Amino acid sequence: MNKAERTRAKTAREKIKEQQAAARVRDKRRRVATYVTAGVVAVAAVGLGWWYAASSSQSEQAAGGLAPITVQPDGSVVMAKQGVTKPVVDIFEDFQCPACKELERVSGQTFKNLAAEGKAKVVYHPITIFSQEPTKSNSVRAGAAARCIADGKQWMAFHDLLYQNQPSETEAGFTPDQLKNWGKEAGVTAPGFEQCVTTEKNADAQLSFSKKIIEAQKLNHTPTVKLNGTEIDNSALFNPQQLRQAITGAAK
């Protein structure tokens, strides 16, 4: 091999290395999970943390019916059997938040089962934590639409459908027509629901509630889940078995 050939071979090897490095970067980007913070979108590597653990953990199955669900005047929603006042599990969530969607997929049934078993009082706080578009408007539309539902069971069915149909963070979603269709699917029968959704009647209430909760709870990310006022670590939050142990242990 002459000098010119050796130079070409070296250049080819360097190009291959550059292509391999670029491929590794693209692969890493594909494996990152969005973690929502106030005003920014941070990332956590799937293979290195709680998100990977979540994807491999065993979710609970529905053990029966839901505990009674009550929609509160401020927009929060309480799920608990009569007389159960503790331990209290506060779930601060954003319907547009991908990590919240994953929490619902992995551990949502655990919260429901514990409430149905009378082992916890679960309180949902749907907020809008995004400040960037189109995610902020998507979140506001979804949160405002959920506020159009007064029936607890219908609210929970709608809540679950929102996560199942969560749009991408990079595109406008949760359109009024979609929200109205999911309301029908959730069994919403209130005559004013469609107009409430179309006009975004509760958008201001959603934003003011979010601001109040974010400031009062000092939230900088969703999901945030607190057990008797103390945040549950992600290592337990996205592991149904550890989550159950943490919540039932707090009752002792």
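This passage walks through the fold of one protein chain, from its overall make-up to some of its less usual backbone features.

The structure is a predicted model, in which local features need pLDDT of at least 70 and side-chain atom pairs count only at pLDDT 80 or more, while totals for chains, interfaces and linings use all residues. Residues are numbered from 1 along each chain as its sequence is written, and side-chain values use heavy atoms, with hydrogens and water left out.

The chain contains ten helices and nine strands. Here helices (H or I, at least four residues) and strands (E, at least two) are DSSP runs, numbered from the N terminus. Of its 252 residues, 46% count as buried; buried means under 20% relative accessible area, exposed over 50%, and partly exposed in between (1.4 Å probe, protein chains only). Contacts, meaning heavy atoms within 4.5 Å, often bridge long stretches of sequence: among those between residues at least 6 apart, 75% join residues at least 24 apart.

Helix α5 makes a good starting point. This helix covers residues 152-164, and its 13 residues should span 18 Å at 1.5 Å a residue, where the expected span is 1.5 Å times one less than the number of residues. The end C-alpha atoms of α5 are 19 Å apart, which agrees. Ten of the 13 residues of α5 are buried, so the helix is largely enclosed by the rest of the structure. Among these buried residues are W155, M156, F158 and Y163, together with the charged D160. At the N-terminal end, D151 acts as a cap, with a side-chain oxygen 3.1 Å from the backbone nitrogen of K153. This pair fits the rule for a polar contact (N or O atoms within 3.5 Å; within protein, one must be able to donate a hydrogen and the other to accept it, and residues adjacent in sequence count only if both atoms are side-chain atoms).The loop before α5 leads to the disulfide. A disulfide is a covalent bond between the sulfur atoms of two cysteines, and is taken here as a pair of cysteine sulfur atoms within 2.5 Å. By this rule the count comes to one. The bond joins C148 to C196, with an S to S distance of 2.0 Å, and is left-handed, at -80 degrees about the S-S bond. Distant parts of the chain are linked in this way: C148 sits in the loop between α4 (135-146) and α5, and C196 in helix α7 (residues 193-198), 48 residues apart. Both C148 and C196 are buried. Two other cysteines are also buried, C97 with a relative accessible area of 0% and C100 at 2%.

How do α4 and α8 cross? Two packed helices are described by the angle between their axes and the distance between the axes. The axes of α4 and helix α8 (residues 203-217) come within 8 Å and cross at roughly 105 degrees. That makes α4 roughly perpendicular to α8. Axes are lines fitted to C-alpha atoms, for helices over the stretch in contact, with angles running from 0 to 180 degrees between N-to-C directions; those under 35 degrees count as roughly parallel, over 145 as roughly antiparallel, 65 to 115 as roughly perpendicular and the rest as oblique. On the α4 side, K136, V140, G143 and A144 meet A203, Q206 and L207 of α8.

Two strand residues show how the sheet-forming segments are surrounded by other parts of the chain. V78, in strand β4 (residues 77-79), is buried, with a relative accessible area of 15%. Leaving aside neighbours within four places in sequence, V78 is in contact with P68, I69, T70, Q72, K121, V122 and V123. The C-alpha atoms of V78 and G152 are separated by 8.6 Å, although these residues are 74 apart along the chain. T224 lies in strand β8 (residues 224-227) and counts as buried at 2% relative accessibility. A polar atom of the T224 side chain lies 2.7 Å from the backbone oxygen of H221. Not counting residues up to four places away in sequence, T224 touches D90, I91, F92, L219 and E231.

Finally, some backbone geometry deserves a look. Most residues other than glycine have a negative phi, and most peptide bonds are trans. A cis peptide bond joins K86 and P87, with omega about -5 degrees, and P87 is found in the loop between β4 and β5 (88-93). The bond from T222 to P223 is cis as well, with omega near 0 degrees; P223 lies in the loop between β7 (221-222) and β8. E200, in the loop between α7 and α8, has a positive phi of about 50 degrees although it is not a glycine, and is partly exposed at 30% relative accessibility. K218, in the loop between α8 and β7, has a positive phi near 55 degrees and is exposed, with a relative accessible area of 71%.
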